[in-house]
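Q: Pick one pocket in this model and give me a close look at it. After that, carry on to the charged side chains and anything buried that catches your eye.

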Amino acid sequence: MSSTPSVQLYTVRDAISADLQGAIARVADIGFTKVEPYAFVDRADEFEKAFAASGISAPSGHAPVIDSDDPARTFDAAAQLGIGTVIDPFIPSDRWQTADDAARIADRVNELQVQAAAVGLGFGYHNHQWEFANKVDGRSIYELFLDGLSPDVVLELDTYWSTVGGADTPELLRRLGDRVQFLHIKDGPVQGDIVTTLPGSDSALNVSDALVTAFSSQLPAGSGDVGVAAILEAAPYALRVVEFDGYAGDVFEGIAASFAWLAENDK
């Protein structure tokens, strides 16, 4: 492992909404020194204060840039927070149906990577399950996306969702090598409702009751069906980013369990 793990703050979104600075402090108390903020643009000043107060850095951050008509605003906020790589977290399944869809998204991501690089930032994309489950002529739409992607684009592989979508995630990681700079690490079942229950097409933050129920089956690293150890071994230098989309128990206890498991098993 190249460094201590990060945590995607969407995991503790309820605590962030209630008390951003207090939530960051609780994350730091677990032992995290890195975080991956989401929707950080409008709250950049608050995040900046919270990071300073808790000694936290943010190597990466999630923001919906692909559909933005003002990417520079996001990149400015990222620079303010010391975020090195901006990652778009979500383009819904209905826009990943054809080879033309994959090419269109890849072209836009390539454009944004050039814009980000001009101001000293990296840019990348984060998957869910449908980029792997949706197929064109027997190939996943994610593979078609990669065909059109500049090698300078950063990949953040959500290893839970790639596995749910049917990928052999360790094999994929070995093939992609250092293009994958960030891994989302979570565990849980990889069959059942989690495969077929999709979010709305307008926002990753639009979560239906059915999806909340499916998300609540997610588990700390090492306690589900994903095979996290083999995934970590296949990408030794990618930054591990602990995440839950949902969690049935106390979410801070959940991320603490993942943190402890990684400390013990990710050597």
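A: Let's start with the second largest pocket, which holds about 280 Å³ of space. A pocket here is an open set of points on a 1 Å grid over the protein atoms alone, where a 1.4 Å probe fits and protein lies on both sides within 12 Å along at least five of seven lines. Its volume is the space filled by probe spheres set on the points, joined across faces, edges and corners.

Keep in mind that this is a predicted model: local features need pLDDT of at least 70, side-chain atom pairs count only at pLDDT 80 or more, and totals for chains, interfaces and linings use all residues. Numbering runs from 1 along each chain as its sequence is written, and side-chain values use heavy atoms, with hydrogens and water left out.

Back to the second largest pocket: 15 residues line it (an atom within 4 Å of a point), and A39, F40, V41, D42 and P64 are the ones nearest its centre. Helices α1 (13-18) and α4 (71-81) are the elements that each give two or more residues to this lining; helices are DSSP runs of H or I, at least four residues, and strands are E runs of at least two, numbered from the N terminus.

Now for a curious lysine. K34 sits in the loop between α2 (20-30) and α3 (44-54). K34 is buried (under 20% relative accessible area with a 1.4 Å probe, protein chains only; exposed is over 50%, partly exposed in between). Even so, K34 has no salt bridge (a side-chain nitrogen of Lys or Arg within 4 Å of a carboxyl oxygen of Asp or Glu). The nearest side chain of opposite charge, D266, is 11 Å away, with Lys and Arg taken as positive, Asp and Glu as negative, and His and the chain ends not counted. Beyond four places in sequence, the contacts of K34 (heavy atoms within 4.5 Å) include S3, T4, P5, I56, P59 and L239.

Elsewhere charges do pair up, with 12 salt bridges in the structure. In one of them, R95 meets D67, with the closest N and O atoms 2.8 Å apart. R95 lies in the loop between β3 (85-88) and α5 (99-118) and D67 in the loop between β2 (60-62) and α4, so the pair ties together parts 28 residues apart in sequence. R95 is partly exposed at 33%, while D67 counts as exposed at 54%.

R175 has two partners to look at. With E143, its closest N and O atoms are 2.8 Å apart; this pair links helix α9 (residues 169-176) to helix α7 (residues 141-147), 32 residues away along the chain. With E171, the N to O distance is 3.0 Å, and both residues lie in α9, 4 residues apart, or about one turn of the helix. R175 is partly exposed at 45%, and so is E171 at 31%, but E143 is buried at 16%.

Finally, D158, K186, E243 and D245 form a network of salt bridges. Two of those names come back around H126, whose contacts beyond four places in sequence include D158 and E243, along with H62, D88, E131, E156 and H184. H126 belongs to strand β4 (residues 122-126) and counts as buried at 2% relative accessibility. Its C-alpha atom is 9.2 Å from that of F182, 56 residues away along the chain.
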